[in-house]
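Biologist: I am new to this protein. Could you take me through it, term by term?

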Amino acid sequence: MAKIDAGRLPNIAGDEEGGAQASSTGSRGAHTAKGAKSTKASRKSAHTKKKAHTFSKSSKPKNSEEVAFQGFDAVVPQTAKTTAASHTLADAMPVPPPVANPANPALHTANSAAATREKLTTSIPNGTQQTQTQDAETYQSVFSSLAPKGPQKKVQRTGTPTISMRNVTVVYPARPNEPALEDVSLDVYPGEFVFLVGHSGSGKSTFLKLLTREIIATDGHVMVAGQELGRMRNWKVPYLRRQIGCVFQDFKLLPDKTTYENVAFSLECIGKPRSVVRTQVPEVLRLVGLAEKTDMYPDQLSGGEQQRVSVARAMVNRPPLLVCDEPTGNLDPAISLGIMKLLERINRTGTTVVMATHDREMVDSMKKRVIALEAGHIIRDQEEGGYGYYGAL
């Protein structure tokens, strides 16, 4: 009798069934053994090629240090691979455009602000790139309100010019080899507004002094209001200046006279009766906005108010020509705007205005005729022009 293992009871039924299965499996394995060997070899070669580009994953690693890398993965840190994978995924996924969220209006506001601050790259003359923002492009000059609305009314250049110069040259005795003006020719017709621009020493002040006959041209012909200034007798000069109003940078007001008296003095000098003075002076002071300061002295007025008194004094006689030598040079932009609005209003009544200035924003905004001087020569005479780059270092 066979010995029975004390730790295991035999399962007779199971043993018989297992023996039958083993015999059938053995017969089938004999037929497929040869094919399995070839399939296994091909799978093994393919798996070996693919294995160089992937890393094996253990189902449950003991810790993070036990993760095995193979091939390329063995020399690339895991953080770098994760970052590269995230970039690849981000590039593959399309980014939807920002849309307004009705439940969150702040999101739409933020998207609009980001679009507004989009940077633009523009070229500048030296070939470098300069980045500007939309905010810089929306900047407006304080003089933008003086910009012409629509097409400007063209000045009729017919008849006798208010100012006419032909081959004018001015040489000061102290500088005989450097003419202040040289071979200048131009015409300015009634009703024009002309800006005279150029850096210091270009000849602007000499140009204006020729018009008021403070100096006489060395050569050439200067005609103002149809009169030849080079041949004019000295006793006729005061009559000429009655037709020219002058506005200066330093005001030139009489300190011991009130606002009313300073304006009235210019009428009294030319012999106007008192009835005309009493009528015209309050009217012109109201026009320049000083109707309530008629009894104040110059030292009681601000710089802008003193300049308005100077303008009122220049225009009270309604001259056909108004000459201004940098009238806004000592004033802040807000006050300068008021002075320029006043001068433009005077110009619309038919008065010819010639103004020397260094204010770039004013010239660029108003789009009037611009005459540019450089070393005594006219280098530009442009309708609706801008200041340019004269005197810029």
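Biologist: Why is F251 called buried or exposed, whichever it is?
Modeller: This is a predicted model, and F251 has a relative accessibility of 12%. Buried means under 20%. So F251 counts as buried.

Biologist: Where is F251 placed?
Modeller: F251 sits in the loop between β8 (244-247) and α7 (259-269). Its phi is near 70°. That is a positive value in a residue other than glycine.

Biologist: What makes K367 buried or partly exposed?
Modeller: The relative accessibility of K367 is 35%. Partly exposed covers the range between under 20% and over 50%. Therefore K367 counts as partly exposed.

Biologist: Where does K367 lie, and what is its phi?
Modeller: K367 is in the loop between α11 (360-366) and β11 (369-374). Its phi is near 55°. Here too the value is positive in a residue other than glycine.

Biologist: Why is S310 called buried or exposed?
Modeller: S310 has a relative accessible area of 0%. The cut-off for buried is under 20%. So S310 is buried. S310 lies in helix α9 (residues 303-315).

Biologist: Which residues does S310 touch, leaving out those up to four places away in sequence?
Modeller: C246, V247, F248, F251 and L253. Contact means heavy atoms within 4.5 Å.

Biologist: And M223: what makes it buried or partly exposed?
Modeller: M223 has a relative accessible area of 32%. Buried needs under 20%, and exposed needs over 50%. Therefore M223 is partly exposed.

Biologist: What surrounds M223?
Modeller: M223 lies in strand β6. Outside its neighbours within four places in sequence, M223 is in contact with T162, I163, S164 and E228. From M223 to L210, the C-alpha distance is 9.6 Å. The two are 13 residues apart in sequence.

Biologist: How many cavities of 30 Å³ or more are there?
Modeller: A search of the whole structure finds one. The largest cavity has a volume of about 60 Å³.

Biologist: What makes this a cavity and not a pocket?
Modeller: In a cavity a 1.4 Å probe fits but cannot get out, whereas a pocket is open. Residues lining the largest cavity include L210, R213, H221, E228 and G230. Strand β6 (residues 219-224) gives the largest share of the lining, three residues.

Biologist: How does the lining divide by residue type?
Modeller: Into six nonpolar, three polar and two charged residues. Arg and Glu count as charged. So R213 and E228, both in the lining, are charged.

Biologist: Which residues touch the most other members of the largest nonpolar core?
Modeller: F195, V263, L322, M340 and L343, out of 41 residues. Helix α10 (residues 333-348) supplies the largest share of this core, six residues. A second, separate core has 28 residues, including V170, V188, L210 and A356.

Biologist: What is F195 in contact with, beyond its neighbours within four places in sequence?
Modeller: Among them are M340, M355, M362 and I371.

Biologist: What about the protein as a whole?
Modeller: Its secondary structure comes to eleven helices and twelve strands. Of its 393 residues, 30% count as buried. Its accessible surface is about 25,200 Å², with 55% belonging to carbon and sulfur atoms. Among contacts with a separation of 6 or more, 65% join residues 24 or more positions apart.

Note on methods: Residues numbered from 1 in each chain as written. Predicted model: local features only at pLDDT ≥ 70, side-chain atom pairs only at ≥ 80, totals over all residues. Heavy atoms only, no water. 1 Å grid on protein atoms, 1.4 Å probe; cavity = no way out; pocket = protein on both sides within 12 Å on 5 of 7 lines; lining within 4 Å. Points joined across faces, edges and corners; volume = space filled by probe spheres on them. Helix = DSSP H or I, 4+ residues; strand = E, 2+ residues; numbered from the N terminus. Core = buried A, V, L, I, M, F, W, Y, C linked by side-chain atoms within 4.5 Å. Buried < 20%, exposed > 50% of the residue type's maximum accessible area, 1.4 Å probe, protein only. Areas by Shrake-Rupley, 256 points an atom, 1.4 Å probe, with all protein chains shown as cover.
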